[in-house]
Amino acid sequence: MTPTIALSSDAWILLTGAATNVACALVGCFLVLRRMSLMGDALAHAVLPGLVIAFLLSHSLSIVPLFVGAAAVGLLTTFLIQTLHQYARTPTDASMGVVFTSLFALGVVLLKKFVVGHFDVACVYEGSLELVVLSETICGLPRPLFTTCLVLLLNLSVLLLLWKEFQLSSFDPALATTMGLSATAIHYLLMTLVSVTTVASFEAVGSILVVAMLIVPAATAHLLSDRLAAMVAISALVGVLSAVLGFYAAQYWDTNIAGMMTVAAGLLYAVAVFCSPRYGICSTVLNNLKVSLRVVREDLLGMLYRIEELGSARQMTSAEARRAIGGGWLSRLGVAALLRGGHLRRAGECLQLTPRGRTEARQLVRSHRLWETYLVEHLGLPLDHVHEPAHRVEHFISEQMQRELEAEVAAPEQDPHGRQIPD
Amino acid sequence: MAASGRYLRKCTMSTTALEIHDMTVAYQRRPVLWDIDLQIPAGKLVGIVGPNGAGKTTLIKAALGLVPLASGKVEIHGKPYHQQRQAVGYVPQRESVDWDFPVTVRDVVLMGTYGSLGWLRRPGRSEHAIVDRCLQQVGISALANRQIRQLSGGQQQRVFLARALAQDAQLYFLDEPFAGVDAATEAAIFKLLQTMRSAHKTVLVVHHDLQTVRDYFDHVILLNMRLVACGPVETTFTQENLHLTYGGRLTILDEAAEAMRQREPQR
Ligand SMILES: Nc1ncnc2c1ncn2[C@@H]1O[C@H](COP(=O)(O)OP(=O)(O)OP(=O)(O)O)[C@@H](O)[C@H]1O
Ligand SMILES: [Mg+2]
């Protein structure tokens, strides 16, 4: 049977993959934020007996009984985990492990005993995104796409309706409860949504990959956002993106599509780890580099200023100057930056301060000497102990701090070594 | 006679902000608070003082209905808590929330208004106006759009206070608002508490610095698994009572608690 809406089979697969990803990401965000990521895994396994019983009772694989079965077992799982934790004092992770494996085992037993032949067990694990177009159609859509769209709408409308309740009870459940917005009720609702979402996704992507779709885009979005709404939106976007990337990669390498979508999500997560503005490795490295470059550049300026100050006619060649501030590619970059910025100019082999460079250098030397004076006067450090710390601090003293230092020290004209402090 | 009795009762009701009757609180049947009996008049700043593990946080949580009572009852302005939710504000210990959560300062303070909104209704312009006012009151307007991890400890504490103010409650429970803040912030918080008192709010504050109790509070609750004393600072915050509070745990209470955990049948 082919869908009544005319789209290529590729388009149907892509749409289904993307819809599944988005539906999962919406609820996944809250699992990640509540540090319950493994609940997704637990529920994805625990719902199996619910599905089997629903099938046995309704004698069909139609959507409604499957959803009801999943929701019921999802609630039961949540309740059991909670109760075991509370009354038997089993740690949450252990009670989770006990409950979901037991329920899953029960499901396997029921499946083998009563329904051999109707369920393709391998399909429950891996899904069959490739076969989407071959499935029956509901409302003109292939069945897996229809179910995921249904769940996507459900998740979306619940979130829109109860946005502030989900936000508050995830951030501060105690406050939510004292305000009469029961955090427990929201918890059960979320778990129901997760159960239904996983079941809806089984057909397309299987019970293992659905866990990745719940967690990975959400975790990626968490790295990239400062607001909850942004996080949810970004996670949905990451979901769509990983569906598209995964689809084409799978075609290219001729392999399992859902698997490739998950790999793509993992790669996007890795990219986020490197590039996130707040926690990213790249931004840390880049930042460190920026600071180092600034220090090198300012050291160069300060050194040239001090040489000028001594009044010697001798000038430094570019190579000498680079060696004096530590050499290496960083010093090369520093010299280049100063030349480009018009702080230095070349006079043959030698480097000279321009008026602009001299002004900046004077401020640096001023900061350095004010700091030395401050250390001697207020911390009572001996003279030979003040150069090093001042050398480190001078790069970070703002104009404002300069003024404060000036007010603090008794003699803001001369540093402790007897040198003049420039204005 | 009966009429005047009722009248009298009504008077005490309106001036008693918090009344705890014979309250025992247990975790997994092991009592951690025994037979607490106390009354707090309205419009006072009240310090809750006791060693670590004394049950200060538990007292607050029990009063707020966050942990079940093994026995006894709690009344807020003469009514049980669930009828008085809007009248009670709560500032938890700072480490009780995830500061990496993707919310800004403004978002967190806005949460204070959720209680009066109730289920489903969304915050609107008037709620945002409340938030602006509360941010200003604690002096963090400039930080409104920061993610909460990017704040210092003292600033985080102020965010919680602003959120409590946004709740616009009559009775407040603050769990260690002075923990890990510098002198300037401490002074600012204390000034805020005084402002709240002059608006006739009742504020209960868990406090660890015994030096400042006399300066900060009108009333004090001395707690160590049981109520040692409760009353005006001048008469209650005495050497003798302090000695009783901090003179070590009462081992007999611990033993009894352990025995109850093991033997008492589960209810
Ligand atoms: N969830 C819990 N389950 C079991 N026992 C608990 C729980 N919370 C607290 N307790 C126990 O109850 C007692 C009182 O704890 P509580 O947190 O109320 O103390 P506190 O006075 O607030 O201490 P602190 O000054 O350290 O904040 C402690 O002995 C603690 O171990
Ligand atoms: Mg405490």
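In this predicted model, the loop of chain B that joins helix H7 (183–198) to strand S8 (202–206) holds B:His200. The backbone of B:His200 deserves a look: its phi is near 60°, a positive value in a residue other than glycine. With a relative accessible area of 52%, B:His200 is exposed, because the cut-off for that class is over 50%.

A second histidine of chain B can be described in a similar way. B:His77 sits in the loop between strand S4 (69–76) and strand S5 (79–80) of chain B. Its phi is positive, at about 50°, although B:His77 is not a glycine. The relative accessibility of B:His77 is 22%, so this residue counts as partly exposed; buried would mean under 20%.

Chain B also provides contacts to ligand 1. There are 14 residues around the ligand, and those that come nearest are B:Asn52, B:Gly53, B:Lys56, B:Thr57 and B:Thr58. Sorted by class, this shell consists of 8 polar, 4 nonpolar and 2 charged residues. Helix H2 (residues 56–63) of chain B gives the largest share of the shell, with 3 residues.

Both side chains and backbone take part in the polar contacts with ligand 1. For B:Lys56, a polar side-chain atom lies 2.8 Å from an oxygen atom of the ligand. In B:Ala54, a polar backbone atom is 3.2 Å from a ligand oxygen. The side chain of B:His208 has an N or O atom that is 3.2 Å from an oxygen atom of ligand 1. On its own, ligand 1 has 630 Å² of accessible area, and the protein covers 66% of it.

Chain A offers a pair of helix residues to explore. A:Ser195 belongs to helix H10 (residues 183–224) of chain A. Its relative accessibility is 0%, so A:Ser195 counts as buried. The side chain of A:Ser195 reaches the backbone oxygen of A:Met191, at a distance of 2.8 Å.

A:Phe79 is found in helix H4 (residues 63–87) of chain A. This phenylalanine is partly exposed, with a relative accessible area of 45%. Together with A:Leu76 and A:Leu80, A:Phe79 makes a nonpolar surface patch of about 250 Å². A:Phe79 can be part of such a patch because its 45% is above the required 30% relative accessible area.

Methods. Residues numbered from 1 in each chain as written. Chains lettered and ligands numbered in written order. Predicted model: local features only at pLDDT ≥ 70, side-chain atom pairs only at ≥ 80, totals over all residues. Heavy atoms only, no water. Patch = residues over 30% accessible without salt bridge, like charges linked within 9 Å, V, L, I, M, F, W, Y side chains within 5 Å. Areas by Shrake-Rupley, 256 points an atom, 1.4 Å probe, with all protein chains shown as cover. Salt bridge = Lys/Arg side-chain N within 4 Å of Asp/Glu carboxyl O. Helix = DSSP H or I, 4+ residues; strand = E, 2+ residues; numbered from the N terminus. Buried < 20%, exposed > 50% of the residue type's maximum accessible area, 1.4 Å probe, protein only. Near = heavy atom within 4 Å. Polar contact = N/O pair within 3.5 Å; in protein donor to acceptor, adjacent residues only side chain to side chain. Nonpolar A, V, L, I, M, F, W, Y, C, P; charged D, E, K, R; others polar.
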